[in-house]
Amino acid sequence: MNKILSILLLSILILFILRVESYPTYGGSNSANIRREDRHSFRAPFLQSGTGILYWDIEGSTIVNDDFIRLTSDQKSLHGAIWNTEPMEQPWWEVVFEFRVHGAGRIGADGIALWLVDRKEGNSQDFSIYGSKNLWKGLAIIFDTFDNDQNGDHPLISVFYNDGTKFYETAKDGSNMKLGSCSSRYRNDKHNAKSRIRYYHGLLSVEIDPNGSGIFEKCVQDVRLDIPTRYTFGVSAATGGLTDNHDVYSFDTFSLDASVSNQNTNNYNNVQFERERLEKQRLEYETQQQQQQQQQQTQQQQQQTQQQTQQQNNQDKEYQEFLQYKAQQQQQNNYQQTQNDLLEKLNEIQQEQQQQQQQQQTQPPQQQQTQPPQQKLQDEIKNLSEKEQIGFLVKKVDSLVEAIHSLHIVLDDPEYKKSFDGLRDQVNVISQALVSLSQGSLKVKDFESFRSTYDQKQSQFIKDFYDFKSTMQDLKATINNRFNNQDNDVTKSIESVNMNLNSLRKLVEASTRDTQKISSILNSNADELANTIQKHSSFGFWTYFLFVQAIFIFGFVFWRKYKDDNNKKLI
């Protein structure tokens, strides 16, 4: 019986040992040298402790759920990260990273990144590179979902290594420092994606399982690097103008040479050490919460300030629009009032003219001479003869007619009121001149001649005033038509001027050709004259030569005058 029990216990022990040795790992090997490092790993279910989960701290917009960790939600301009609190002591390692990137849009951004870096280097307030800092020192595996350089190769997985001096250029997707990359359709898949990163004997390899099928595809192979120990693992993500959910489900780290870490295993089993570390984490968590509250308060104050500034700007804009509207209303009211006043003045002038005409028809000339004089124009008329007085009045009437016809032009002037006042003054001057003339020493026959002339002018004046009244009623439509037809009139004028200029240019060219011909003839005549002088030197020859030259000069002058007269007529 004892032998049987002993055999059973030995069999159980052997099976247990074999089970432990054959424990399957994500490294794809059953070697006893592969060991899962719990201090550098996490997986569901997640129990929060201190500032995050055990051995890990969270930052930014990161939210820890029961079965996954969401670094960013599907919102704009977010960044989140989770960082290991323990440095990696093993020189050779393997990480299996399970994640999912998904969103409502056809295109998402920005991506998720796996880090193994020295966190003491760089600016801790910089989150510009997928939720972490630029100018980092260490390794970065970036799962980029937005194609900044427009190469059409995204979603993309890229490997980078920085010594702390190289600047990652986001617009070029880091092409200035990329060590290797591959495209993979891991975004918006129904299943979680997995990536396996292996660093062994100075060679780095990256594999990807984009749809959780269990089959890893090679992405980047055998990149030679020298990564120091005691760097820290981390995962971060960020969104920009485009958004995605960036979720992490597990992060399993395996050391590829377990014997190196066995000497430190007992230190981490010490309960007192764990208590001290948890207390430290609690203090750090409280400090972080206070900082987050302060940041939230600062952001709220900034938002309130921006809202107040925007409200003030909107109020100022509305007030300016109200002032402009009031100014336009006032301008329209002034214009309407001016039109009404002008119509009233014209009606009054017409009524006064009609009354004066009726008085002149009913009263004899002798009675008109007994009316009280107008001293202002009487002195001016006394110095004129009777014919000059009639001419003076005719000129006044003509100027009044011209003023009526030019009223449209006056209306375009902002100071048109002054022109209306001048028109009213001219009417008053004519009325006063007529009264003064009636009191002068005109004879009856001269006055009858003047009266017939005045009646003609007066009837024409009344007709013009009626035309003006109807024109004022259609003034608004006329001005609009003038604006519409102004361009056509200007175009016709320009075409007419161009035609005249072309005609003038042709005449000038013809004149130039004629002048050239005359010059050539003169040169020819001069040559012939020189030859003739050499052959003949008699007095009769010189007489004949002078006579021919005189006829030629006379013809040239006549032709030149004829051309000038034609040019003046054309201009």
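**Exercise 1.** How many Å² does the protein expose, and what share of that area do carbon and sulfur atoms supply?

*Solution.* The structure is a predicted model, and the area computed from it comes to about 36000 Å² exposed by the protein. Carbon and sulfur atoms supply 51% of this area. As for the interior, buried residues account for 33% of the 571 residues in the protein.

**Exercise 2.** Determine the mean pLDDT of the protein, and locate stretches where the pLDDT is below 50.

*Solution.* The mean pLDDT is 76, with 63% of the residues reaching 70 or more. One stretch below 50 covers residues 18–32, which nevertheless has 19 contacts in the model beyond its near neighbours in sequence. Another covers residues 365–374, for which the corresponding number of contacts is 21.

**Exercise 3.** Describe the secondary structure of the protein and the sequence separation of its contacts.

*Solution.* The protein has 10 helices and 18 strands. When contacts between residues at least 6 apart in sequence are considered, 69% of them join residues at least 24 apart.

**Exercise 4.** Place Ser 183 in its strand, and explain why it is classed as partly exposed.

*Solution.* Ser 183 belongs to strand β13, which spans residues 178–183. Its relative accessible area is 49%, and Ser 183 is therefore partly exposed, since that class lies between the cut-offs of 20% and 50%.

Beyond the neighbours within four places in sequence, Ser 183 is in contact with Asp 153, Pro 155 and Leu 156. Asp 153 is 30 residues away in sequence, while the C-alpha atoms of Ser 183 and Asp 153 are 6.0 Å apart in space. Finally, a polar atom of the Ser 183 side chain lies 2.6 Å from the backbone oxygen of Asp 153.

Methods. Residues are numbered from 1 along each chain as its sequence is written. This is a predicted model: local features need pLDDT of at least 70, side-chain atom pairs count only at pLDDT 80 or more; totals for chains, interfaces and linings use all residues. Side-chain values use heavy atoms; hydrogens and water are left out. pLDDT is the predictor's confidence in each residue, from 0 to 100. Contact means heavy atoms within 4.5 Å. Helices (H or I, at least four residues) and strands (E, at least two) are DSSP runs, numbered from the N terminus. Buried means under 20% relative accessible area, exposed over 50%, partly exposed in between (1.4 Å probe, protein chains only). Accessible areas come from the Shrake-Rupley method with a 1.4 Å probe; for residues, only the protein chains shown count as cover. A polar contact is a pair of N or O atoms within 3.5 Å; within protein, one must be able to donate a hydrogen and the other to accept it, and residues adjacent in sequence count only if both atoms are side-chain atoms.
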